Amino acid sequence: MLLSPVADAVIAGVFGLLVGSFLNVVIYRLPKMLERQWAAECAQMQGQEAADAGPPFNLVTPRSRCRQCAHMIRWYENIPLVSYAVLRGKCSNCGTPIGLRYPIVEAATGGLFAFCIAHWGLGLEGVAWCVFSAAILALALIDWDTTLLPDDITQPLLWGGLIVAALGWTRLPLSTAVWGAVWGYMSLWIVYQAFRLLTGKEGMGYGDFKLFAALGAWFGWQALVPIILMASVIGAAIGIVMKLSDALREGRYVPFGPFLALAGLTGMIFGPGAILGVLGVRY
């Protein structure tokens with residue numbers, strides 16, 4: 001604690017707004033960066049020269065621009081929440097609407113950071129859960145947009161859970177975290193293989209296995225059943241709403257990763273056994 005619990009949480013929330021602004025960049029650019037990388041690798045495997053990818057494109061370069069008119073976003077137009085409100089959700093140059101997701105991600109990240117510091121304090125444990133929150137939020141939205149769960153995030157998240165347990169930064173024993181990762185991966189892998197044998201189709205991707213393994217590393221093997229139940233309940237509810245409103249995408253599928261991610265955040269905030277308590281089952 002640097003000041004008071006409330007002040008620490010407020011400071012963390014403000015910092016979370018800034019991180020949320022960066023997450024918007026990650027969510028949009030990382031899948032495109034991976035697509036460029038895969039195209040170059042495919043060309044190399046075929047003995048061809050990779051197509052010119054153009055100017056550098058990463059999480060830092062180029063600077064953010066309006067997708068409609070290419071207006072470069074000035075620093076004072078990129079202040080989390082404030083700039084969106086001042087600009088009334090529109091580009092200052094061409095008036096094109098700015099997606100509502102941008103301020104929502106900023107506000108969500110700020111709220112999650114404030115919660116983590118208020119709950120665990122401004123120390124290593126609180127900071128660790130802030131990092132967890134940011135990674136989970138980014139994964140949820142990337143998977144929702146692209147059905148990708150990038151190794152660039154899932155693997156560091158998995159190792160991060162094991163490392164913080166090993167260092168004693170969280171209250172989870174290392175052995176519990178290790179078995180959580182093992183059974184998190186294996187459980188969905190077994191379901192995937194059984195579904196493929198029975199139907200000849202792939203019901204989920206390997207990214208889901210890695211994300212569930214990461215959640216096991218952060219929460220422990222005992223939390224795997226509550227988390228998968230949370231994900232299933234959340235997914236079923238959202239899927240029913242989307243079906244009734246005819247909002248399902250082409251192919252009428254919904255990626256499972258976002259629901260695993262939401263279950264992870266629910267478990268962080270309310271405890272892994274929250275859904276079991278609602279169902280009258282003791283965790």
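A crossing of two helices is called right-handed if the near helix is turned clockwise from the far one by less than a right angle. In this predicted model, the crossing of H1 and H4 is right-handed. Helix H1 spans residues 5–45 and helix H4 spans residues 124–146; their axes come within 10 Å and cross at roughly 35°. On the H1 side, the residues that meet H4 are Val19, Leu23, Val26, Ile27, Leu30 and Pro31. Their partners in H4 are Ala134, Leu137, Ala138, Leu141, Ile142, Asp145 and Thr146. Sorted by class, this contact between H1 and H4 has 11 nonpolar, 1 polar and 1 charged residues.

Some of these residues turn up again around Thr109, which sits in helix H3 (residues 101–120). Beyond its neighbours within four places in sequence, Thr109 is in contact with Gly16, Val19, Gly20, Leu23 and Leu137. Thr109 counts as buried because its relative accessibility is 1%, where buried means under 20%. The side chain of Thr109 also reaches the backbone oxygen of Val105, at 2.7 Å.

A wider view is offered by the largest nonpolar core, which has 59 residues. Within this core, Phe132, Leu157, Leu215, Phe219 and Met268 touch the most other members. At least two residues of the core come from each of H1, H3, H4, helix H5 (151–166), helix H6 (174–199), helix H7 (206–219), helix H8 (224–244) and helix H9 (257–270). H4 gives the most, with 13 residues. Leu157 makes a good example: leaving out residues up to four places away in sequence, Leu157 touches Phe132, Ala135, Ile136, Leu139, Leu211, Ala214 and Trp218.

Note on methods
Residues numbered from 1 in each chain as written. Predicted model: local features only at pLDDT ≥ 70, side-chain atom pairs only at ≥ 80, totals over all residues. Heavy atoms only, no water. Helix = DSSP H or I, 4+ residues; strand = E, 2+ residues; numbered from the N terminus. Buried < 20%, exposed > 50% of the residue type's maximum accessible area, 1.4 Å probe, protein only. Polar contact = N/O pair within 3.5 Å; in protein donor to acceptor, adjacent residues only side chain to side chain. Contact = heavy atoms within 4.5 Å. Axes fitted to C-alpha atoms, helices over the stretch in contact; angles between N-to-C directions. Nonpolar A, V, L, I, M, F, W, Y, C, P; charged D, E, K, R; others polar. Core = buried A, V, L, I, M, F, W, Y, C linked by side-chain atoms within 4.5 Å.
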